[in-house]
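This briefing covers one helix, its packing partner and the cores around them.

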Amino acid sequence: SRFVLAVGSAVFDAMFNGGMATTSTEIELPDVEPAAFLALLKFIKKIKNKKLGPETVMTTTVHRQKYAVPAPKKNLRADNAFMLLTQARLFDEPQLASLCLENIDKNTADAITAEGFTDIDLDTLVAVLERDTLGIREVRLFSAVVRWSEAECQRQQLQVTPENKRKVLGKALALIRFPLMTIEEFAAGPAQSGILVDREVVSLFLHFTVNPKPRVDFIDRPRCCLRGKECSINRFQQVESRWGYSGTSDRIRFSVNKRIFVVGFGLYGSIHGPTDYQVNIQIIHTDSNTVLGQNDTGFSCDGSASTFRVMFKEPVEVLPNVNYTACATLKGPDSHYGTKGLRKVTHESPTTGAKTCFTFCYAAGNNNGTSVEDGQIPEVIFYT
C-alpha cells in the first residue's frame, strides 16, 4: 500500500520518499476517519487502473488538500458518483460534493446499485438519505441501505445479523421514509427484515391501516425527484362554516400552464375543535378517468380555519394544458369551507419571478357541492 499511496498522492510520496520521509513501518494519521481512508485507498487504486480517466484529473494543492490527491470531475457518472462523493467530503470539496449529489438525485437507482455505494461511510450515507430530491421508490432505497449495512458489519468485523445491521445503521435508519411505502412493500420487506423492532413494525402497520393515525418516528414527506422549493396556491379568498360529509367526494377540475409535480392538497378541518379525519385524496386524468396518484390517509386539525396538509406518497406529474380532477373524500364532522373562489390563480416564484397559472373548472357529477365558487380542496401543494 505504501507504493499505491506514494503514486496516488503528493503528500504521501513526500512522507515515504522525500524530505519528510519516515522509515517507521507504522504511520499515524491522527485526523482521518478509518472508513474514509479506506475509501481513499480504493479511489487511488481506481485512478491508477485508468478507471477514472487521468486525462481529466485535476491536481489540488497540498495547502488546500492535505493529501493532494487528484479529483476528477468530467468523468462523474452514476456508477462512480458515490465513490467521488466520499472523496469530495473527505477533502472538503463542496463543489464536487454537490455535483455528485445532483448526479445521485438524477440517477438514484443506478447510483445505489454501483459497487461504490456500499463503500461509503455512515456520514455520507446520512447526507444522502436526508435528501428530499432522490428519484427512487423508498422500498428500493431500503434494500440498498440493507446492503450497505451488511458491508459495514463486515468492515467492523461484526456478524451479519439483523441486530448488528441496525446497530451499524445508527441514525441512518430513522431517515428511511417507511410511510412512503405501500403496505404491501412494507410487509414483504422491512417488516420481515428484523432491522425494525416490533414496536416500530406495529406502529407502521397501524399508520398504514387505521385512522386517526398514530405518530410514527419516521418521516412521511415525499421525496421529489425535483429541484427547488415547495409552492402552494389557495383558490379561495374567504373561509366560512359549515361543510358536511356523507361519503361523496369533493371534486374540482384544474389545469396548469406548465409542467408541475403535485405533492399534496391543503384541506379544511373541523369547526368543532381538534379532530381527526379519514381522507382519500386522488388526482385523476379527467379525459381518461385514470387515477394518477392517490393516498388513503388521515389528518389531524386544531379547529382553526387554516388548511391542513394531506400528501401523496410520491409526486404526481401534471402536464401543461391538460384537464385533471382533484378529489378528496373525507370522513369526519362538519368542517370549514372556502368561498369567493377564483377561476384563475397565479403563483409567482419569489426568487425567479416564474409564473405558474392554475385554471379551475366545475367537476360535473358527484362533487359534494364543491365548485369554483366554494367548497373544499382550497390548496394545491406542488413543485415546479
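Helices (H or I, at least four residues) and strands (E, at least two) are DSSP runs, numbered from the N terminus. The model is predicted: local features need pLDDT of at least 70, side-chain atom pairs count only at pLDDT 80 or more, and totals for chains, interfaces and linings use all residues. Residues are numbered from 1 along each chain as its sequence is written, and side-chain values use heavy atoms, leaving out hydrogens and water.

**Helix α8**
- α8 (residues 138-155) has 18 residues and reaches 25 Å from its first C-alpha to its last, close to the 26 Å expected at 1.5 Å times one less than the number of residues.
- Gln157, with a positive phi near 55°, follows α8.
- Buried residues of α8 (under 20% relative accessible area, 1.4 Å probe, protein chains only) include Leu141, Val145 and Trp148.
- Their cover includes α6 (108-113), α7 (122-129), α9 (162-169) and α10 (183-188).

**Packing of α7 on α8**
- The axes (lines fitted to C-alpha atoms over the stretch in contact, with angles from 0 to 180 degrees between N-to-C directions) come within 12 Å and cross at roughly 175°.
- That makes α7 roughly antiparallel to α8, a label for angles over 145 degrees.
- Leu122, Leu125 and Leu129 of α7 are in contact (heavy atoms within 4.5 Å) with Leu141, Val145 and Trp148 of α8 as a group.

**Nonpolar cores**
- The largest nonpolar core (buried Ala, Val, Leu, Ile, Met, Phe, Trp, Tyr and Cys joined through side-chain atoms within 4.5 Å) has 45 residues, of which Phe82, Leu125 and Phe178 touch the most other members.
- α8 gives the most to this core, with 8 residues.
- A second, separate core of 34 residues includes Phe308, Leu330, Val380 and Phe382.

Technical notes
Buried < 20%, exposed > 50% of the residue type's maximum accessible area, 1.4 Å probe, protein only. Parallel < 35°, antiparallel > 145°, perpendicular 65-115°, else oblique.
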